[in-house]
Amino acid sequence: MKWLKSILVGVFGSLVMFLLMMLGIHGTGIAPFNLPPSAAFLEQLGLNTGPLPLLVHFGYGATWSLVLVGLYGSDANVRRGIYLATGLWAFMMLVYSPLIGWGVFGIGGSGHTLAASDPLHLGSTAKYVVATLLLHLVYGSIIGGLNPAWIQSEKSSTRSTA
């Protein structure tokens, strides 16, 4: 049951990230990109169709929540969640960002030269780096905080019924 709970925690963390990104893109306009990075990556590959970007985003979030629980179990905590999320962010900056055309850490990519209305346009490098880091820290805090709480509650309920 802890694995299912971990998947749900990862999906929840991904949902919070997604909602914050949508608020930044469509609500406030402060996001430095027009598409969430998962959708932009698929756009670059010509695969940004239907629900696929959401499935990738939520699947990725669920998978890394499982990895956190697999590595640490009930010893997972917010600090470890944040460390994992920071590593994921660094991987995004070094691998996914250049593949999208946004450059390493948003520097030097072709996304800066595209029209502001282009789906793969990237605005301010500083905004991109800071916004994506903050989103990852939120995700890491969620998975690092909720996973061990649910695992502990599962252990407590197992002991009380035994």
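In what order do the elements of the protein run from the N terminus on? They run α-α-α-α-β-β-α. The legends below refer to a predicted model.

**Figure 1. Overall view of the predicted model.** The protein has five helices and two strands. In order from the N terminus, four helices come before the two strands, and one helix follows them. The C-alpha trace spans about 65 × 30 × 25 Å along its principal axes. The helices are H1 (2-27), H2 (37-45), H3 (52-72), H4 (78-100) and H5 (125-161).

**Figure 2. Close-up of the packing of H1 and H3.** The axes of the two helices are 7 Å apart, and the angle between them is about 135 degrees. Angles over 145 degrees count as roughly antiparallel and those from 65 to 115 as roughly perpendicular, so H1 and H3 are oblique to each other. Their crossing is right-handed. H1 contributes Lys-2, Trp-3, Ser-6, Ile-7, Val-9, Gly-10, Val-11, Ser-14, Leu-15, Met-17, Phe-18 and Met-21 to the contact. From H3 come Leu-54, His-57, Phe-58, Gly-61, Ala-62, Ser-65, Leu-66, Val-69 and Gly-70. By class, the contact of H1 with H3 has 13 nonpolar residues, seven polar ones and one charged one.

**Figure 3. Close-up of the packing of H3 and H4.** Here the helix axes lie 11 Å apart, at an angle of about 135 degrees. H3 and H4 are therefore oblique to each other, and their crossing is right-handed. On the H3 side the contact is made by Tyr-60, Trp-64, Leu-68 and Tyr-72. On the H4 side it is made by Arg-80, Gly-81, Leu-84, Leu-88, Phe-91 and Tyr-96. Eight residues of the contact of H3 with H4 are nonpolar, one is polar and one is charged.

**Figure 4. Close-up of the crossing of H2 and H4.** The axes of these helices come within 8 Å and cross at roughly 45 degrees, which makes H2 oblique to H4. Pro-37, Ala-40, Phe-41 and Gln-44 of H2 meet Met-92, Tyr-96, Leu-99 and Ile-100 of H4 in the contact. The residues of the contact of H2 with H4 comprise seven nonpolar, one polar and no charged. Tyr-96 of H4 is thus seen here in contact with H2, and it is also part of the contact with H3.

**Figure 5. Close-up of the largest pocket.** The space in this pocket is about 370 Å³. Its lining is made of 17 residues, and Pro-37, Ser-38, His-57, Tyr-60 and His-136 lie nearest the centre. H1, H2, H3, H4 and H5 each supply at least two residues of the lining. Eleven of the lining residues are nonpolar, six are polar and none is charged. Some of these residues appear in earlier views: Pro-37 is in the contact of H2 with H4, His-57 in that of H1 with H3, and Tyr-60 in that of H3 with H4.

**Figure 6. Close-up of the second largest pocket.** This pocket holds about 240 Å³ of space. It is lined by 13 residues, of which Leu-20, Gly-24, Ile-30, Ala-131 and Leu-135 are the closest to its centre. H1 and H5 are the elements that give two or more residues to this lining. By class, the lining has ten nonpolar, two polar and one charged residues.

Technical notes
Residues numbered from 1 in each chain as written. Predicted model: local features only at pLDDT ≥ 70, side-chain atom pairs only at ≥ 80, totals over all residues. Heavy atoms only, no water. 1 Å grid on protein atoms, 1.4 Å probe; cavity = no way out; pocket = protein on both sides within 12 Å on 5 of 7 lines; lining within 4 Å. Points joined across faces, edges and corners; volume = space filled by probe spheres on them. Nonpolar A, V, L, I, M, F, W, Y, C, P; charged D, E, K, R; others polar. Axes fitted to C-alpha atoms, helices over the stretch in contact; angles between N-to-C directions. Parallel < 35°, antiparallel > 145°, perpendicular 65-115°, else oblique. Left-handed = near helix turned anticlockwise from the far one by under 90°. Contact = heavy atoms within 4.5 Å.
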